[in-house]
Amino acid sequence: MARRLSPDEAALWARVMATVTPLPPAPRAAIAAAPASHAKHAGAAAPRTAVPTPPPVKLQAPGTTLDASWDRKLMRGSVEPDATVDLHGHTLTSAYTMLDQALERSRLRGDRVILLITGKPPRRDSERPHARGAIRAAVGDWLHASRHAGAIAAVRGASPRHGGAGALYIILRRARSGPKS
């Protein structure tokens with residue numbers, strides 16, 4: 001015996017069911033061809049209609065490798081950034097917006113190296129509890145989910161000359177030139 005719904009539960013159920021879209025009816029040819037119940041009793045396998053599957057979506061993630069010469073230059077600090085983005089004093093929302101806009105501008109200009117200043121993370125021996133370093137902690141996820149992720153060749157820690165632990169280099173892929181005519 002089923003439990004009877006209260007008026008509040010019934011109203012909630014009605015609102016939920018109003019948002020449900022019913023499935024379209026199956027084509028008559030597929031139903032008439034071989035109902036599963038008939039095929040079981042006849043001893044034959046029911047014919048299956050092929051359902052096309054969509055092609056897998058290839059997401060572009062930021063790259064992780066650079067050649068050794070790039071890594072050496074970055075570690076020495078001999079690469080001068082083409083653009084600098086300072087996220088000090090921003091909220092998470094404004095920092096994300098600022099980073100996205102800076103990546104857009106840099107890609108349009110053809111920049112290769114962006115210096116992203118996030119600020120140093122709090123020291124481990126710090127006595128007071130604080131919520132510092134939220135932007136720096138979120139940057140990796142932001143870049144991975146960004147619409148510009150496919151254009152990022154690598155992300156590396158900055159050399160002490162450019163901010164050390166408080167900054168990152170974002171290396172953009174070289175823009176591909178179109179076919180020559």
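## A look around helix α5 and its neighbours

D100 is buried, with 14% relative accessible area. Its place is in helix α5, which covers residues 92-109. What does the side chain of D100 make a polar contact with? The partner is the side chain of R147, at 3.0 Å. Setting aside the residues within four places in sequence, D100 is in contact with R147 and also with S146 and H148. Please keep in mind throughout that this is a predicted model.

### The chain as a whole

Let us step back for a moment. The chain holds six helices and four strands, and from the N terminus on they follow the order α-α-α-α-β-α-β-α-β-β. Of the 181 residues, 26% are buried. About 13,900 Å² of the chain is exposed, and 58% of that comes from carbon and sulfur atoms. Among the contacts with a separation of 6 or more, 69% are between residues 24 or more positions apart.

### Two more residues of α5

Helix α5 also holds L103 and S106. Is L103 buried or exposed? L103 is buried, because its relative accessible area is 1% and the cut-off for buried is under 20%. Beyond its neighbours within four places in sequence, L103 is in contact with I114, L143, S146, H148, I170 and L172. L103 and A149 are 46 residues apart in sequence, with their C-alpha atoms 9.7 Å apart in space.

S106 is buried too, at 1% relative accessibility. Not counting residues up to four places away in sequence, S106 touches A83, D111, I114 and L172. I114 and L172 thus appear in the contacts of S106 and also in those of L103.

### The cavity beside the helix

The structure holds one cavity of 30 Å³ or more. The largest cavity has a volume of about 40 Å³. Which residues line the largest cavity? They are Y96, L99, D100, L103, W142, L143 and S146. The elements that give two or more residues to this lining are α5 and α6, the latter covering residues 134-145. Helix α5 gives the most, with four residues. By class, the lining has five nonpolar residues, one polar and one charged.

This brings us back to familiar names. D100 and L103 are both among the lining residues. S146, also in the lining, is in contact with D100 and with L103. L143 is another lining residue that is in contact with L103.

### The loop between α4 and β1

D82 sits in the loop between α4 (68-76) and β1 (83-86). How does D82 count in terms of exposure? D82 is partly exposed, because its relative accessible area of 43% falls between the cut-offs of 20% and 50%. The side chain of D82 reaches the backbone nitrogen of R112 at 2.7 Å. Leaving aside neighbours within four places in sequence, D82 is in contact with R112 as well as D111 and V113. D111 is touched by S106 as well. D82 and I114 are 32 residues apart in sequence, yet 5.9 Å apart from C-alpha to C-alpha.

### The loop between β3 and β4

The loop between β3 (152-157) and β4 (167-172) holds P160, and H162 lies in this loop as well. Where do these two residues stand on exposure? P160 counts as exposed, at 74% relative accessibility, whereas H162 is buried, with a relative accessible area of 13%.

The side chain of H162 makes a polar contact with the side chain of Y169 at 2.5 Å. Beyond the residues within four places in sequence, H162 is in contact with G77, V79, E80, P81, L115, A167 and Y169. G77 also figures in a pairing with P160, as the C-alpha table below shows.

### C-alpha pairs at a glance

Here are the pairs together, with their separation along the chain and their C-alpha distance.

| Pair | Separation in sequence | C-alpha distance |
|---|---|---|
| D82 and I114 | 32 residues | 5.9 Å |
| P160 and G77 | 83 residues | 7.5 Å |
| H162 and I117 | 45 residues | 8.8 Å |
| L103 and A149 | 46 residues | 9.7 Å |

How values were computed: Residues numbered from 1 in each chain as written. Predicted model: local features only at pLDDT ≥ 70, side-chain atom pairs only at ≥ 80, totals over all residues. Heavy atoms only, no water. Buried < 20%, exposed > 50% of the residue type's maximum accessible area, 1.4 Å probe, protein only. Polar contact = N/O pair within 3.5 Å; in protein donor to acceptor, adjacent residues only side chain to side chain. Contact = heavy atoms within 4.5 Å. Areas by Shrake-Rupley, 256 points an atom, 1.4 Å probe, with all protein chains shown as cover. 1 Å grid on protein atoms, 1.4 Å probe; cavity = no way out; pocket = protein on both sides within 12 Å on 5 of 7 lines; lining within 4 Å. Points joined across faces, edges and corners; volume = space filled by probe spheres on them. Nonpolar A, V, L, I, M, F, W, Y, C, P; charged D, E, K, R; others polar.
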